[in-house]
Amino acid sequence: MSFDTRTFRNALGCFPTGVAVVTAGAGNAVMGITVNSFTSVSLDPPLVLWCMDRKSSRYRTFTTVKNFTISILGSAHQTVSVRLAKPGEHKLDGLPLAPTENGPPGLADSLALLECAREAVHDGGDHAIIVGRVLRVTWDKTGAPLLFFRGRYGALAEEG
Ligand SMILES: Cc1cc2nc3c(=O)[nH]c(=O)nc-3n(C[C@H](O)[C@H](O)[C@H](O)COP(=O)(O)O)c2cc1C
């Protein structure tokens with residue numbers, strides 16, 4: 001290997017992504033984590049994936065729950081994204097939530113909500129690859145996405 005982890009991270013950060021929050025659990029125990037490893041996998045069956053750091057204190061919960069919800073964040077969600085990326089900061093207390101039919105609530109005013117059943121957990125080095133089967137989707141035609149690029153949050157440039 002001719003590069004160190006920092007260089008690798010910097011190179012990967014050149015790939016711009018959206019930002020999502022994955023929620024799991026119920027009632028007072030519901031928790032969330034900010035992720036940008038979310039991606040689509042398959043249309044039929046409808047599968048998506050995200051990757052979870054094995055070192056995360058949330059690792060056991062998120063790799064064992066039966067259902068989880070993925071909220072695709074809008075540009076107004078930056079503060080929420082920062083909060084749910086803090087080590088040990090898992091609780092959704094005080095955040096406006098959107099109820100779902102198949103498990104944990106999502107974040108209100110998300111661009112899309114994907115209600116998932118855990119389909120598989122694969123080995124991915126120091127991360128686990130969590131595959132979800134999408135049971136229900138809701139989405140919004142409007143709204144600008146929250147973006148992440150080179151370690152910083154951003155937004156799409158205004159048209160015109
Ligand atoms: C924009 C952004 C994207 C992130 N994406 C991921 C991810 O895809 N997977 C992951 O495990 N952690 C990701 N993290 C880190 C987690 O949100 C969190 O900081 C980490 O799990 C540490 O907290 P914990 O040990 O209490 O779980 C991301 C953080 C940020 C700010």
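**Notebook: Ser57, two sheets and a ligand shell**

I began with Ser57, which is partly exposed because 13 other C-beta atoms lie within 10 Å. My yardstick was this: 20 or more other C-beta atoms within 10 Å of a residue's own make it buried, 12 or fewer make it exposed, and anything in between is partly exposed, with C-beta atoms placed from the backbone. Before going on, I noted that this is a predicted model, where local features need pLDDT of at least 70 and side-chain atom pairs count only at pLDDT 80 or more, while totals for chains, interfaces and linings use all residues. Residues are numbered from 1 along each chain as its sequence is written.

**Entry: around Ser57**

I found Ser57 in the loop between β5 and α2 (59-64). Helices (H or I, at least four residues) and strands (E, at least two) are DSSP runs, numbered from the N terminus. Which residue did I pair with Ser57, 31 residues apart along the chain? It was Gly88, and the two C-alpha atoms are separated by 6.9 Å.

**Entry: the seven-stranded sheet**

Next I traced an open sheet of seven strands, ordered β3-β2-β6-β9-β10-β5-β4, with antiparallel pairing. Two strands count as paired if DSSP finds at least two bridges between them. β3 (31-35) and β4 (39-42) are at the edges with a single partner strand each, so one side of each has no neighbour in the sheet. I looked up the twist too: neighbouring strands of this sheet are turned by 35 degrees against each other on average, direction ignored. The axes behind that angle are lines fitted to C-alpha atoms, for helices over the stretch in contact, and angles run from 0 to 180 degrees between N-to-C directions.

I then followed β2 (residues 20-24), which pairs with β3 in the antiparallel sense over five bridges. Ala24 stands opposite Met31 in β3. β2 and β3 form a hairpin with six residues between them, and Gly25 in the turn has a positive phi of about 95 degrees. Is β3 mostly covered or mostly open? Mostly covered, as I count four of its five residues buried.

**Entry: the core**

The largest nonpolar core has 27 residues, and Ala20, Val21, Val22, Phe62, Phe68 and Ile70 touch the most other members. Such a core is a set of buried Ala, Val, Leu, Ile, Met, Phe, Trp, Tyr and Cys residues joined through C-beta atoms within 7 Å. β2 gives the largest share of this core, four residues. I checked Val22: leaving aside neighbours within four places in sequence, its contacts (C-beta atoms, placed from the backbone, within 7 Å) are Gly32, Ile33, Val35, Trp50, Phe62, Phe68 and Ile70.

**Entry: the ligand**

Around the ligand I listed 17 residues, of which Val35, Ser37, Asp53, Ser56 and Ala85 come nearest. A residue is near a molecule or strand if its C-beta atom, placed from the backbone, lies within 6 Å of it. Which strand gives the most to this shell? It is β5, with four residues.

**Entry: the small sheet**

Last, I looked at an open sheet of three strands, in the order β1-β11-β12, also with antiparallel pairing. β1 pairs with β11 (residues 147-149) over two bridges, and Gly18 stands opposite Leu147 in β11.

Methods:
Two residues are in contact if their C-beta atoms, placed from the backbone, lie within 7 Å.
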